[in-house]
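Ready for some practice in reading a protein structure? Take a look at the sequence and the model below, then try each exercise before you read its solution.

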Amino acid sequence: MDIPEIDVPTAAARLTAGDALFLDVRDPASFSAAHVPGAVLGTDENIEEFVEDTPKDKPIVVYCYHGNNSRGGTAFLLQKGFTDVCSMSGGFEAWRGQFPEERG
């Protein structure tokens with residue numbers, strides 16, 4: 001499966017435009033410490049609820065620590081019928097590199 005990816009500047013533009021939901025697939029402690037503003041946490045415990053409650057055509061940007069696990073999360077959502085999902089290349093570490101002052 002070809003996993004769609006976007007870079008941090010493109011993700012930031014989508015955040016500013018408000019046209020995508022950001023899904024953080026890191027652990028809860030990391031999410032609590034800092035995350036992309038407005039992001040929601042997706043864990044093994046709540047992902048099925050997220051899938052059920054989120055419109056399948058909602059644009060979603062998935063991110064993790066370095067951009068590896070988010071590729072799996074993106075594939076999972078695509079397999080669940082979501083149509084506009086991408087992984088953020090470089091993950092939250094790349095985001096923090098460009099926006100070090102943001103804490104979420």
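The exercises below go from the whole chain to single residues, and the model they use is a predicted one.

**Exercise 1. The overall fold**

Task: Find how many helices and strands the chain has, and the pattern they follow along the sequence.

Solution:
- Step 1. Start by counting: there are 5 helices and 5 strands.
- Step 2. Now walk along the sequence, and you will meet the pattern β-α-β-α-β-α-β-α-β-α.
- Step 3. Turn to the contacts between residues at least 6 apart in sequence: 70% of them join residues at least 24 apart.

**Exercise 2. Is the size what you would expect?**

Task: Compare the radius of gyration of the chain with that of a compact globule of 104 residues.

Solution:
- Step 1. For 104 residues, a compact globule would have a radius of gyration near 13 Å.
- Step 2. The chain has 12 Å, so the value agrees with a compact globule.
- Step 3. For another view of size, take the box along the principal axes: the C-alpha atoms fill roughly 35 × 25 × 25 Å.
- Step 4. Finally, consider the surface and the inside. The chain exposes about 5,300 Å², with carbon and sulfur atoms supplying 50% of that area, while 42% of the 104 residues are buried.

**Exercise 3. The two sides of a helix**

Task: Decide which residues of helix α1 are buried and where they sit around the axis.

Solution:
- Step 1. Helix α1 spans residues 8–17, and its buried residues are Val8, Ala11, Ala12 and Arg14.
- Step 2. These buried residues cover an arc of only 160 degrees around the axis, so they lie on the same side of α1.
- Step 3. What does this buried side pack against? Its partners are β1, β2 (21–24), β4 (60–63), β5 and α5.
- Step 4. On the face of α1 turned away from the buried side you find the exposed residues Thr16 and Ala17.
- Step 5. Just after the helix comes Gly18, with a positive phi of about 70 degrees.

**Exercise 4. The nonpolar cores**

Task: Identify the residues with the most contacts inside the largest nonpolar core, and the element that gives the most to this core.

Solution:
- Step 1. A general idea helps here: in soluble globular proteins, nonpolar side chains tend to be buried together.
- Step 2. The largest nonpolar core has 16 residues, and those with the most contacts inside it are Ala11, Phe22, Val36, Val61, Tyr63, Met88 and Trp95.
- Step 3. At least two residues of this core come from each of α1, β4, β5 and α5, and α1 gives the most, with 3 residues.
- Step 4. Look more closely at Met88. Leaving aside residues up to four places away in sequence, Met88 touches residues including Ala11, Val61, Tyr63 and Trp95.
- Step 5. Apart from the largest core lies another, of 10 residues, among them Phe50, Val51, Leu77 and Val85.

**Exercise 5. Charged pairs**

Task: Work through salt bridges of the structure and describe where their partners lie.

Solution:
- Step 1. Side chains of opposite charge can pair when their charged atoms come close. In this structure there are 6 salt bridges.
- Step 2. One of them joins Glu5 and Arg71, whose closest N and O atoms are 2.8 Å apart. This pair links distant parts of the chain, 66 residues apart: Glu5 is in strand β1 (residues 5–6) and Arg71 in helix α4 (residues 69–79). Glu5 has 39% relative accessibility, so this residue is partly exposed; Arg71, at 32%, is also partly exposed.
- Step 3. Arg96 and Glu93 form another salt bridge, at 2.9 Å from N to O. They are 3 residues apart in helix α5 (residues 91–98), so about one helical turn separates them.
- Step 4. Salt bridges with shared partners join Arg14, Asp19 and Asp84 into one network. Within it, Arg14 and Asp19 meet at 3.4 Å, N to O.

**Exercise 6. One residue in detail**

Task: Is Ser87 buried or exposed?

Solution:
- Step 1. Locate Ser87 in strand β5 (residues 85–88).
- Step 2. Its relative accessible area is 0%, and buried means under 20%, so Ser87 is buried.
- Step 3. Check its surroundings: not counting residues up to four places away in sequence, Ser87 touches Ile3, Pro4, Glu5, Ile6, Val62, Gly67, Ser70, Arg71 and Thr74.

How values were computed:
Residues numbered from 1 in each chain as written. Predicted model: local features only at pLDDT ≥ 70, side-chain atom pairs only at ≥ 80, totals over all residues. Heavy atoms only, no water. Salt bridge = Lys/Arg side-chain N within 4 Å of Asp/Glu carboxyl O. Helix = DSSP H or I, 4+ residues; strand = E, 2+ residues; numbered from the N terminus. Buried < 20%, exposed > 50% of the residue type's maximum accessible area, 1.4 Å probe, protein only. Contact = heavy atoms within 4.5 Å. Arc of directions from axis to C-beta. Rg over C-alpha atoms; globule rule 2.2 N^0.38 Å. Areas by Shrake-Rupley, 256 points an atom, 1.4 Å probe, with all protein chains shown as cover. Core = buried A, V, L, I, M, F, W, Y, C linked by side-chain atoms within 4.5 Å.
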